[in-house]
Amino acid sequence: MAFTASHWGAYELDGSGGIRPLPDDPAPSRIGRGWVSAARDASSRIMAPVARKGWLAGDAGGKRGDDGYVELDWSEAFKLVAREIERVRKEHGNDAIFGGSYGWASAGRFHHAQSQLRRLLNLAGGHVGSRETYSHAAAEVLFPHVIGLTNRAFQDQMTSLDLVAEHCDYLLSLGGISERTAQIASSGVARHDVGGALRRLIARDAEVLNVSPRGTDLNGGTWLPVRPGADAALLLALTYEVAMAGAANEDFLARYTSGWPEWRSYLEGRSDGIAKSADWAAGLCDIPSDQIREMSRNLVRKRSMIAVNWGLQRADHGEQVLWAALGLACVVGQIGRPGTGFAFGYGSTAHVGRATRVIDWPSVPQGRNPISDFIPVSRIADMLLCPGAAYRYNGEVRRYPDIRLIYWCGGNPFHHHQDLNRLNAAWKRPETIIVQDHSWTATARRADIVLPATSPLERADLMMNRRDPSLFYMSPVLDAPGRARDDFDIFRGIAAAMGLEEAFTGGRDAGGWIRTLWENAREVARAAGFSLPDFARFAEVGRFDVPDAKEVRIAFEAFMENPEGAPLATETGKITLHNETLASLELASCPGHPCWIEPIESLLSAKPNELHLISGQPDTRLHGQNDRGPEALADKINGREAACLNPHAAARRGLAEGDVIRIWNSRGACLAGLRFDPLLRPDCIALPTGAWFDPQIIDGEALDVHGNPNVLTIDQGCSELSQGNIAHTALVRVEKWTRALPPLTVDRPPDIQRKVEV
């Protein structure tokens, strides 16, 4: 049997150029239905190496995104890229090169675009990189301070959802646990089973609360339509009510935490005169005070789990909701028990909370980067617009580098970054931008040199996810289109032009590297107590399931059993509810304990008719991937991404389902089709992320005509601690679009002057 794999599932090849879901996947992803067709879409695939006409003529970037291209031979392209890297190194130094490439290009272990790029740039003297992720940057920076663990380490020990399903009686889920986002997992996923655990929990008559502006963020349970951005106020009030009722677990707090007296003082209002009571919070979070008090009683008297979705900390002051939820769990005192306590990210991807062994499989070595400079990942526009400017990050005062060359591979910042009009202006600043991808994304359309890569469907690879018990040999499904090459082959050609080919390849071709990774994986397996087949057998069979892979976990279990012998790597060895290190930084945006800070934009200060924008993941694609596939295209309305609005909110604005609407604020505007959702707060609008950015000037206004919500979101760090993005903090207005619909440009390639064969 032949297989392939992706971030949204593993598949059998059907023998006729198509794929089908695995028979043992209980809930195959909807996203996969459009994968093959999207890869076959010739109008969106990059077919040959090209260079931008204006750049060849000396334009430094002013026409990026509004220019044609000239086709190149591969040998010309290799020399051109090598020459530019060498020029910038000599004229400005390696710290003027930014190796971007944040993205979910492939689930394959070898054809991991970012690893391949970093390997080349590190051999060439290094580059400026980025830290953290757009997914959960606030947690990545906060967690080491308050729990002494990286977010990756905490994910590895997360309390298993199977235990929640078996033991929890009261699940307080902030942001929901969505099977929509549980379709995906970085590095691949074989089984989709988050929904099964939730159904088992609900079948036990456990009380499940979906605290979210959308009722569809959790399938089942009771919906509490919280005002978006006010979750931290709710959590503070729940903590206050537990403490004021004399129900705080003081033994737990004394043994396992530090800083409770200081935090309690804040909750009681001794510093600001405001007690963080249910009455105080009700007006902020829009949940009745009596209901908040009843929730506080249930958290203590029942076996309770407080779970926070990744999306909640992608907001202004996003650290606060995360820290407050952890603090509430400590005051309740059920951390360390089966199925209760605190969790972060259930349903945000398929593997969070999965009861399976974690095995660190080998990956492509990237070497050492001689350049130590970096930026927080979502500060790229600030870096390009403000070279040399100072900014605060995780206790440091840093300065943005002066970037002259960007090399982006396997990613699309014009999907996941905020305030795309601002990024569009910033993107014109560098001298040269190189993009390597399989499709004409908005990022590729704004590059000076574009190199066509194969998609995961067109090459062999290995799916070896450290959190998934199934390993797959990924067989090619399709032939490579046009003159596309594997990322490894592209970088090998560039390395050869730079005199680095042997160092880059290590004397191996792609097949040799895949075999080497497998042999290294066999050593890892032997150390873990089982055997992998030899490479030839694995490639023939196509799949290996790790034996005895089930492994349930309880977060903080070792620390709870022996806090003195297994202390946390925090300033006190305990969970810090008041953190002296953070307090000493004197950051108004992130003080030394969980607190309430009103967001920069929210419904609390909204003007009449303003709506809160929710821009989560869609059902039909992963980020922007497969947006040109039939599943995503069929879900659009008049070719535009579908935005959801409560029917009552639509009626007040004279809008009907199926209308094309204009959504706008001071940062930008976009068009979208209108769909009704009665399980959405009437003061919110939901526009999924990922529609390919298609900005046009219509009647003098910059308008994204396709429905990308990131023309509307705010490009600002959530605090001076983490500098994470605040995609879920934005207000917008909406009206019916009554003019002629502008044609889309994302459904056709840019103008390319083809090379004439003699």
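**Entry 1: the largest cavity**

I started inside the protein and listed what lines the largest cavity: Phe98, Gly100, Tyr102, Ser130, Tyr134, Val377, Ile380, Trp408, Pro413 and His416. Note to self: I am working on a predicted model. The volume of this largest cavity comes to about 60 Å³. I sorted its lining by class and got 7 nonpolar residues, 3 polar and no charged. How many cavities of 30 Å³ or more are there? I get 4.

**Entry 2: the second largest pocket**

Next I moved on to the pockets and picked the second largest, which holds about 1,700 Å³ of space. Its lining runs to 50 residues, so I wrote down just the ones nearest the centre: His112, Arg118, Thr133, Arg152 and Ser186. By class I have 29 polar, 11 charged and 10 nonpolar residues in this lining.

Which elements supply at least two residues of the lining each? I noted helix H4 (113-123), strand S7 (129-131) and helix H6 (151-156). H4 gives the most, with 4 residues.

**Entry 3: helix H5**

I then looked up H5, residues 137-146. Of its 10 residues, 8 are buried, so the helix is largely enclosed by the rest of the structure. The buried ones are Ala137, Ala138, Ala139, Val141, Leu142, Phe143, His145 and Val146.

What do these buried residues pack against? My list has three helices, H6, H14 (318-332) and H23 (580-584), plus the strands S13, S15 (390-393) and S23 (575-576). Just past the end of H5, I found glycine 148 with a positive phi of about 70°.

**Entry 4: the parallel sheet**

S13 turned up again when I traced an open sheet of 5 strands, ordered S10-S9-S8-S12-S13. The pairing in this sheet is parallel. At the edges I have S10 (222-224) and S13 (341-344), each of which pairs on one side only. From one strand to the next, the twist averages 20°.

I zoomed in on one pair. S8 (residues 170-174) and S9 (residues 207-211) run parallel and are joined by 5 bridges. Within that pair, leucine 171 of S8 sits opposite valine 208 in S9.

What lies across these strands? I found helix H13 (residues 289-301) lying across S8, S9, S10 and strand S12 (304-308). I noted its angle to S8 as about 125°.

**Entry 5: positive phi outside glycine**

Last job: backbone angles. Most residues other than glycine have a negative phi, so I wrote down two that go the other way.

Aspartate 419 is one, with a positive phi of about 50°. I placed this aspartate in the loop between helix H16 (413-416) and helix H17 (420-426). Is aspartate 419 buried or exposed? At a relative accessible area of 11%, aspartate 419 is buried, since the cut-off for buried is under 20%.

Phenylalanine 556 is also not a glycine, and its positive phi is near 65°. Phenylalanine 556 falls in the loop between strand S22 (543-545) and helix H22 (557-561). Its relative accessible area is 3%, so I logged phenylalanine 556 as buried too.

Definitions and conventions. Residues are numbered from 1 along each chain as its sequence is written. This is a predicted model: local features need pLDDT of at least 70, side-chain atom pairs count only at pLDDT 80 or more; totals for chains, interfaces and linings use all residues. Side-chain values use heavy atoms; hydrogens and water are left out. Two strands pair if DSSP finds at least two bridges between them. Axes are lines fitted to C-alpha atoms, for helices over the stretch in contact, and angles run from 0 to 180 degrees between N-to-C directions. Contact means heavy atoms within 4.5 Å. On a 1 Å grid over the protein atoms alone, a cavity is a set of points where a 1.4 Å probe fits but cannot get out, and a pocket is an open set with protein on both sides within 12 Å along at least five of seven lines; lining residues have an atom within 4 Å of a point. Grid points are joined across faces, edges and corners, and a volume is the space filled by probe spheres set on the points. Ala, Val, Leu, Ile, Met, Phe, Trp, Tyr, Cys and Pro count as nonpolar, Asp, Glu, Lys and Arg as charged, and the others, Gly among them, as polar. Buried means under 20% relative accessible area, exposed over 50%, partly exposed in between (1.4 Å probe, protein chains only).
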